[in-house]
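Got the model open in your viewer? Here is a short tour, one selection after another.

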Amino acid sequence: MTQPILEIDDLHISFASVNGVTRAVEGVSYQVHPAEMLGVVGESGCGKSVTAMSVLRLLPGAPATHIAGAIRFRGEDLLAASEQRMQAIRGNEISMIFQDPMTSLNPVLTIGEQIAEVLILHERIGKAAAWKRTVELLALVNIPDPHRRVKEYPHQFSGGMRQRAMIALALACNPAVLIADEPTTALDVTIQAQIMELLDRLRRDTGTAIVLITHDLGVVAESCDRVVVMYAGRKVEEASAQDLFENPAHPYTRGLLGAIPHLDSPLTQPRGRLAEIPGMVPSLRTAARGCRFADRCPSAIELCRRTVPALEPVGPDRMSHKAACWQVPAAAEKRLA
């Protein structure tokens with residue numbers, strides 16, 4: 001395995017408000033390697049997007065507080081970098097595809113103007129060269145008739161085409177890392193498949209590392225090399241995609257996989273129900289003493305409610321598969337020792 005290009009190390013993020021402090025991210029760590037696609041999955045509100053936005057320091061400074069941890073890009077701690085340095089990194093070396101392209105694209109500028117602006121700023125090229133490169137980028141992401149569409153506005157594009165335009169914008173400067181935050185949200189399955197095929201081809205051709213944030217475990221199974229599972233601001237499991245789907249270790253991961261309908265599932269029978277995880281996600285305003293999933297976990301013991309479990313090796317692939325659960329064999333051995 002090559003050296004990681006992006007490392008998130010023991011990251012803690014909180015948001016202060018009149019209602020108290022919300023602990024959005026607690027001790028999250030993961031690495032991304034060149035040409036790798038890392039999937040980050042979990043329920044809404046589990047801290048996936050907050051962690052990703054922290055990489056580019058896009059969180060508002062007043063309510064958000066980085067309590068501890070580090071984010072290293074090629075060994076450089078981004079949390080300690082100057083704002084001038086971050087401006088050079090954003091969009092140039094690390095890019096991000098946001099969830100909703102309609103609200104991320106400027107409605108009063110054409111698609112071409114928005115992409116060309118990035119090229120002029122970061123690549124230091126003239127307007128004519130930037131416009132030519134913009135047309136090439138739209139063609140690269142399979143937008144038909146790019147010479148004409150480059151002069152159109154975001155509202156003239158369909159949802160799928162706006163998402164492709166966002167990808168072209170993110171790839172304008174050939175970034176080393178691309179963060180894709182729900183890139184297939186609100187798209188039909190055919191367009192979803194085309195977007196994921198495009199991302200996969202681009203990372204294989206250019207060596208770009210991709211962090212894919214998604215709820216869609218089907219997309220993860222088809223596209224990702226490794227997977228990080230988050231719950232209530234914490235990382236609860238990490239494994240290769242194949243190992244995670246074949247041998248899920250954490251009860252929350254098993255619950256997510258159990259909620260996926262299958263053709264041979266009881267849903268095809270009368271009165272069949274989709275499997276669900278009981279209970280509610282705990283409030284992040286209260287400091288949890290133990291595992292945040294304990295109140296919803298069918299296997300929870302008293303220790304789970306008292307002490308936070310560490311990430312422990314799981315199964316035959318003990319180097320890369322880890323889970324934060326007192327029930328996994330390695331943790332159980334320590335608990336009983």
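Start with the cysteines: select Cys 224 and Cys 46. The sulfur of Cys 46 is the closest cysteine sulfur to that of Cys 224, but at 14 Å it is too far for a bond. Cys 224 itself counts as buried, with 8% relative accessibility (buried is under 20% relative accessible area, exposed over 50%, partly exposed in between, using a 1.4 Å probe and protein chains only). Now pick Cys 297. The closest cysteine sulfur here belongs to Cys 325, 6.0 Å away and again too far for a bond; Cys 297 is buried too, at 15% relative accessibility. How many disulfides does the structure hold? It holds 0, where a disulfide means a pair of cysteine sulfur atoms within 2.5 Å.

A word on ground rules before moving on. This is a predicted model, so local features need pLDDT of at least 70 and side-chain atom pairs count only at pLDDT 80 or more, while totals for chains, interfaces and linings use all residues. Residues are numbered from 1 along each chain as its sequence is written, and side-chain values use heavy atoms, with hydrogens and water left out.

**Strand E9 and its partners**

Next, select strand E9, residues 226-231. Helices (H or I, at least four residues) and strands (E, at least two) are DSSP runs, numbered from the N terminus. Is E9 enclosed or open? 6 of its 6 residues are buried, so the rest of the structure largely encloses E9. In a regular strand, side chains alternate between the two faces of the sheet. Colour Arg 226, Val 228 and Met 230 for one side of E9, then Val 227, Val 229 and Tyr 231 for the other: both faces are covered.

Add strand E3 (residues 37-41), which runs parallel to E9 and is joined to it by 4 bridges; two strands pair if DSSP finds at least two bridges between them. Val 40 stands opposite Val 228 in E9. Then bring in strand E10 (residues 234-240), antiparallel to E9 and joined to it by 6 bridges. Ala 239 in E10 is the bridge partner of Val 227. Zoom in on the turn: the hairpin of E9 and E10 has 2 residues between the strands, and Ala 232 takes a positive phi near 50 degrees.

**Three rings together**

Stay at the end of E9 and show Tyr 231, Tyr 252 and Phe 293, which form one aromatic cluster. The structure holds 3 aromatic pairs. Rings of Phe, Tyr and Trp (its six-membered ring) pair if their centres lie within 6.5 Å; planes under 30 degrees apart count as stacked, over 60 as edge-to-face and the rest as tilted. Tyr 231 and Phe 293 have ring centres 5.2 Å apart and planes at 85 degrees, so they meet edge-to-face. Because Tyr 231 lies in E9 and Phe 293 in the loop between helix H11 (251-258) and helix H12 (302-306), the pair ties together parts that are 62 residues apart in sequence.

Tyr 252 and Phe 293 are edge-to-face as well, at 5.4 Å centre to centre and 65 degrees between the planes. Here the link is between H11, home of Tyr 252, and the H11-H12 loop, with 41 residues separating the two. Tyr 252 has a relative accessible area of 0% and Phe 293 one of 2%.

**Helix H11 and the cores**

Select H11 next. The rest of the structure largely encloses H11, because 6 of its 8 residues are buried: Pro 251, Tyr 252, Thr 253, Gly 255, Leu 256 and Leu 257. Their cover includes helix H9 (217-223), E9, E10 and helix H10 (241-246).

Go back to Val 229. Beyond its neighbours within four places in sequence, its contacts (heavy atoms within 4.5 Å) include Val 41, Leu 244, Tyr 252 and Leu 256. Val 229 is also among the residues with the most contacts inside the largest nonpolar core, along with Ile 97, Ile 115, Ile 167 and Leu 199. That core has 60 residues, a nonpolar core being a set of buried Ala, Val, Leu, Ile, Met, Phe, Trp, Tyr and Cys residues joined through side-chain atoms within 4.5 Å. Helix H7 (residues 159-170) supplies the largest share, 7 residues. A second, separate core of 34 residues includes Val 28, Ile 89, Met 96 and Met 230.
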